[in-house]
Number of protein chains: 2
Amino acid sequence: MAANLTKVEAALDAWVTDTPVPSLGWGAPAGLVQAMRYAVLDGGKRLRPLLALAAFDAVAPEAAATADVAALRAACAVELIHAYSLVHDDMPCMDNDVLRRGKPTVHVKFGEAGALLAGDALQALAFELLTPDDGSVPLAVQGRLCAVLARAAGSTGMAGGQAIDLASVGRPLEEPALRHMHQLKTGALLQASVMLGAVCGQASESVQRALSDYGCAIGLAFQVVDDVLDVTADTAALGKTAGKDADNHKPTYVSLLGLAASQRLAKNLLAQAHGALAASGLENTAALAGLANLVVQRGH
Amino acid sequence: MAANLTKVEAALDAWVTDTPVPSLGWGAPAGLVQAMRYAVLDGGKRLRPLLALAAFDAVAPEAAATADVAALRAACAVELIHAYSLVHDDMPCMDNDVLRRGKPTVHVKFGEAGALLAGDALQALAFELLTPDDGSVPLAVQGRLCAVLARAAGSTGMAGGQAIDLASVGRPLEEPALRHMHQLKTGALLQASVMLGAVCGQASESVQRALSDYGCAIGLAFQVVDDVLDVTADTAALGKTAGKDADNHKPTYVSLLGLAASQRLAKNLLAQAHGALAASGLENTAALAGLANLVVQRGH
């Protein structure tokens, strides 16, 4: 996992850059790239890229070097979608947060317009990463990867979940509605991370189904644990403002089920994730199992 | 061209929708879809989709019905990118415009957070349209289409141009810098519209080069004419606030070259576009020629 983390950090550093595009004769403007790099580099647990690479390694342990590059591109692409969502989510018209990963948020540092554009450009860059013209990702795989990522990011995925979240502030939600919101807002992209790795590794349909179940379980577990940490951890440990959800009267698992029941739910979902890995029939699932544990047992 | 316009309007109406995704069991939240539809439907000249379809028709006049669907998807995808850029561009932290196509802008109608999310979701939906799982677009073509659209939308395209625009308010720009900004901000997506149609029609490399030259010329012409209209047309004709650029001390072709020279430049670019069509060797270029004329001779 440490080796994969190093690869991801180096790749993000190399791919979120202002190198001119030879066919165009120009690069991205320096100020925009600076804001994009600020949003992406030097921070974050890289959970989504690690999930993508762990799924790929589990599915294709003996993969050729080119498939390896495809998986690394997919891993970085999903992280760019995650990074852009944080930039936009922190803006004054959304969560209005000034602190992220212990640093000023992008709009505090680069202005609101700069943050808006940096987020927009990061979403596009995710699809640029998936569609290189150097042969490192087969064209048919490019299409599949873009399909999975776009659906997880859009109105039936992350953006849709954020819209439900926005509409739910101060309104009581039943558990099914809360779960639905989180499946879109956080779950869809975490599940997609796993599926992107599986697509790069040419997983069979039955393996894809098992990994999809694994991704679904940890996707929901992630949000349940997030809700728990918002209550139990402090701002320094989180690197973002604690207690924010309660202050905003947002429905959370803790407000709905209580703290103890939320912690039990997280453990149940972890067991489901491990069960799905066992059902996959894959042998090399230690990294995926470890990431599931990390999601549930993290302190921030 | 009227037939293509009808097809585009019907397709946008059908594809920007809240139909549940069968594999997920849920659809996009209604409020978000409403904002997305408001941003996309019932307005706009549909120049980019018409360019995509005209390029496709020129390249593949005898195309099979499936290729036809691919071209329609590409045409709508580029319009969604355009629509999202207008939503974000109108927001208070950017141009702060309250009127677009004669209607209240999206953030006026749905709030700033709603506009932010609708724009984000429209960008993702563009890539969803390019990557259907029903076989209507061959997987390899999906990859190529996503590659072209992502690069035209991102930091080396539209978003990059907007960032330069933002950084240039109140600063004098020389003509090459102004041209560079417009090539990214407006030109890249117009050129991409043409290229998406060419890719769907499996155009040869030499035809793609000629169409790329055509797209480059009309892309720049579009912006020169926009700058001219900002001075010569009134708010009612434009459907947006006239004189806005001068008020914001934005560099424009008119402020740089003067009105008469800007109008001459637009005519020269139109001649270049017609020249590129002649050089393409294609026979069926009447629609592309007509669209070039429309770009330069439009009144709004």
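Modeller: Let's start with a cut-off: a residue counts as buried if 20 or more other C-beta atoms lie within 10 Å of its own C-beta, as exposed if there are 12 or fewer, and as partly exposed in between. Please keep in mind that this is a predicted model.

Colleague: Thanks! What makes helix α7 of chain B mostly covered?

Modeller: The helix runs over residues 158-168, and nine of its 11 residues are buried. They are B:Met158, B:Ala159, B:Gly160, B:Gly161, B:Gln162, B:Ala163, B:Ile164, B:Asp165 and B:Leu166. After α7(B) comes B:Gly170, with a positive phi near 80°.

Colleague: B:Asp89 caught my eye as well. Where does it sit, and which residues is it in contact with beyond its sequence neighbours?

Modeller: B:Asp89 belongs to helix α4 of chain B, residues 65-90. Setting aside neighbours within four places in sequence, it is in contact with B:Met94, B:Asp95 and B:Gln162. The partner B:Gln162 is 73 residues away along the chain, yet the two C-alpha atoms are separated by 8.5 Å. B:Gln162 is also one of the buried residues of α7(B).

Colleague: How do you know whether B:Asp89 is buried or exposed?

Modeller: We count. B:Asp89 has 21 C-beta neighbours inside 10 Å. The threshold is 20 or more, so B:Asp89 counts as buried.

Colleague: And A:Lys109: buried, exposed or partly exposed?

Modeller: A:Lys109, in helix α5 of chain A, has 15 other C-beta atoms within 10 Å. Buried needs 20 or more and exposed needs 12 or fewer, so A:Lys109 is partly exposed. Apart from neighbours within four places in sequence, its contacts are A:Tyr38 and A:Pro104. From A:Lys109 to A:Asp95 there are 14 residues in sequence and 16 Å in space, C-alpha to C-alpha.

Colleague: Now to α13(B). How does its reach compare with what is expected?

Modeller: With 22 residues, α13(B) reaches 32 Å from first C-alpha to last, close to the 32 Å expected at 1.5 Å a residue.

Colleague: What makes you say where the buried residues of α13(B) fall around the axis?

Modeller: The buried ones are B:Leu265, B:Ala266, B:Leu269, B:Leu270, B:Ala273, B:Ala276, B:Leu277 and B:Ser280. Looking down the helix axis, they fall within an arc of 145°, so they line one face. There is a simple background to this: an α-helix has 3.6 residues a turn, so residues three or four places apart point the same way. Turned away from the buried side of α13(B) are the exposed residues B:Ala260 and B:Ala278. The cover over the buried residues includes α9 (205-232), α12 (253-257) and α14 (286-297) of chain B. Following the helix is B:Gly281, with a positive phi near 75°.

Colleague: Why is B:Leu269, in that helix, called buried?

Modeller: B:Leu269 has 23 C-beta neighbours inside 10 Å. Set against the cut-off of 20 or more, that count makes B:Leu269 buried. Not counting residues up to four places away in sequence, it touches B:Ala217, B:Leu220, B:Ala221 and B:Val224.

Colleague: Let's step back to a whole chain. What makes chain A as compact as a globular protein of its length?

Modeller: Chain A has 14 helices and two strands. Its radius of gyration is 19 Å, close to the 19 Å that the globule rule gives for 300 residues, so chain A is as compact as a globular protein of that length. Of its 300 residues, 55% count as buried. Among its contacts between residues at least 6 apart in sequence, 73% join residues at least 24 apart.

Colleague: How do you know what relation links chains A and B?

Modeller: A turn of 180° with a shift of 0.0 Å along the axis lays chain A on chain B at an RMSD of 0.0 Å. That is the relation of a two-fold axis.

Colleague: And what makes you say which surface the copies meet through?

Modeller: Of the interface residues of chain A, 100% are also interface residues in chain B, so the copies meet through the same surface. Each chain's share is 49 residues. On the chain A side, the elements giving two or more residues are α2 (30-40), α5 (106-130), α6 (139-153) and α7 (158-168). The most comes from α5(A), with 12 residues. By class, that side of chain A has 30 nonpolar, 13 polar and six charged residues.

Conventions. Residues are numbered from 1 along each chain as its sequence is written. Chains are lettered from A and ligands numbered from 1 in the order in which they are written. This is a predicted model: local features need pLDDT of at least 70, side-chain atom pairs count only at pLDDT 80 or more; totals for chains, interfaces and linings use all residues. Copies are superposed by least squares on the C-alpha atoms of residues with pLDDT of at least 70 in both. Two residues are in contact if their C-beta atoms, placed from the backbone, lie within 7 Å. Helices (H or I, at least four residues) and strands (E, at least two) are DSSP runs, numbered from the N terminus. Ala, Val, Leu, Ile, Met, Phe, Trp, Tyr, Cys and Pro count as nonpolar, Asp, Glu, Lys and Arg as charged, and the others, Gly among them, as polar. The radius of gyration is taken over C-alpha atoms; the globule rule is 2.2 Å times the number of residues to the power 0.38. The expected span of a helix is 1.5 Å times one less than its number of residues. The arc is that of the directions from the helix axis to the C-beta atoms.
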